[in-house]
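Visitor: I have this model open and would like to walk through it with you. Could we begin with the nucleic acid side and then move on to the protein?

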Protein chains: 2
Amino acid sequence: MFSKTCEYAIRAMIFIALRSKDGDRVGIREIAKGIDSPAHFIAKILQQLVRKGVVQSVKGPNGGFYLDAQGRECPLAKIVRVVDGDQLFSGCGLGLRNCSEVHPCPIHDEFKKIREDITAMLENSYIGEFTERLEENLLFLRRK
Amino acid sequence: MFSKTCEYAIRAMIFIALRSKDGDRVGIREIAKGIDSPAHFIAKILQQLVRKGVVQSVKGPNGGFYLDAQGRECPLAKIVRVVDGDQLFSGCGLGLRNCSEVHPCPIHDEFKKIREDITAMLENSYIGEFTERLEENLLFLRRK
DNA sequence: CAAATAAAAGACATTCTTGTCTTTTATTTG
DNA sequence: CAAATAAAAGACAAGAATGTCTTTTATTTG
């Protein structure tokens, strides 16, 4: 569904939302620990997201990554688009470049519904909406 | 969603169903042309499906791949399971190995619905059900 | 300003996916 | 049986995804 890179990206962003609530900043190491991912790898992914303006960062002592109130309202779909591109939202299920309403692949219609559901889910989920449940240990981000 | 390998597999199988209706057999070259895929690559994928008994093959002159009436009723889900494994049907959306009802990732519930829809679609679609519409040029298998 | 800190950037390594090519084995047909 | 045919098998190569390590740049703080 998502690339590993994208899975890390979503988890990292949710973690940053969780830990940067009161103007705090989170370092790469803390993020890597918090979501159980390779630190240098997640660093690169976050650099990409910083360039796209999806998350903010500050260098130097007491620096790190953070999200403002507006950033916390960013839908998961945006992260997926930055990291994995548009394929999931618009691609053909069977990989036909020219699949369309007038030139449909066998699963075109059925797959369209699925794609729409996935899109709706990702557009309507916000990075910051999990913070409370994570604090209450009703949700988890670590893989082990 | 699916690996490229799996996309080829599904298209190849649908093509075989289309071209092996009256006991005919289809060669690799014809399949490769029919779905616009690398011949040797699709050959390997089909070997795997033959070993799993999802499709039949015969060597030698007038040989090739074919599906009997029962084989044409095989759901797409079976092909996906053979080629891509179980990940799509049961894996966590964010890659957490231990994601579950009691230890859910942030998108666990929403993703579960999507997975169930995908599963239902793949379990309820049969390899042979597209034959007629393909013959009428209402559906297509080639990518260009 | 100097030292410490932390992200940014870039080089490099590994693994998996995708794709190609050659050889072998089984089957059919004359 | 001999020749032709076509799948099976295996070696190999290219490319992408994933992961690691080192160096550079920007910022803060004393």
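Guide: Sorted by class, the surface near DNA strand C has 10 nonpolar, 12 polar and 3 charged residues, where Ala, Val, Leu, Ile, Met, Phe, Trp, Tyr, Cys and Pro count as nonpolar, Asp, Glu, Lys and Arg as charged, and the others, Gly among them, as polar. Please keep in mind that this is a predicted model, in which local features need pLDDT of at least 70 and side-chain atom pairs count only at pLDDT 80 or more, while totals for chains, interfaces and linings use all residues. Residues are numbered from 1 along each chain as its sequence is written, and chains are lettered from A and ligands numbered from 1 in the order in which they are written.

Visitor: Which residues are the closest to DNA strand C?

Guide: The closest of the 25 residues that surround DNA strand C are G27(A), G64(A), K4(B), P38(B) and G60(B), a residue being near a strand if its C-beta atom, placed from the backbone, lies within 6 Å of it.

Visitor: And which element gives the largest share of that surface?

Guide: That is α3(A), with 5 residues; helices (H or I, at least four residues) and strands (E, at least two) are DSSP runs, numbered from the N terminus. At least two residues each come from α3 (39-51) and β2 (64-66) of chain A and from α1 (4-19) and α3 (39-51) of chain B.

Visitor: What comes nearest to DNA strand D?

Guide: Around DNA strand D there are 25 residues, of which K4(A), P38(A), H40(A), G60(A) and G27(B) come nearest. Two or more residues of this surface are given by each of α1 (4-19) and α3 of chain A, and by each of α3 and β2 of chain B, with α3(B) giving the most, 5 residues.

Visitor: Switching to the protein copies, how is chain B laid on chain A?

Guide: A turn of 180° with a shift of 0.0 Å along the axis lays chain B on chain A with an RMSD of 0.0 Å, the copies being superposed by least squares on the C-alpha atoms of residues with pLDDT of at least 70 in both. The two copies are therefore related as by a two-fold rotation axis. In chain B, the C-alpha nearest the axis belongs to M1(B), at 2.3 Å from it.

Visitor: How many residues does the contact take from each chain?

Guide: It takes 29 residues from chain B and 29 residues from chain A, two residues being in contact if their C-beta atoms, placed from the backbone, lie within 7 Å. On the side of chain B that touches chain A, the elements giving two or more residues are α1 and α6 (108-123) of chain B, and by class that side has 16 nonpolar, 5 polar and 8 charged residues.

Visitor: What about the largest nonpolar core, which members touch the most others?

Guide: Of its 40 residues, A9(B), A12(B), M13(B), I14(B) and I16(B) touch the most other members. Such a core is a set of buried Ala, Val, Leu, Ile, Met, Phe, Trp, Tyr and Cys residues joined through C-beta atoms within 7 Å, and a residue is buried if 20 or more other C-beta atoms lie within 10 Å of its own, exposed if 12 or fewer, and partly exposed in between, with C-beta atoms placed from the backbone. The most, 11 residues, is given to this core by α1(B).

Visitor: Is α1(A) mostly covered or mostly open?

Guide: Mostly covered, since 14 of the 16 residues of α1(A) are buried.
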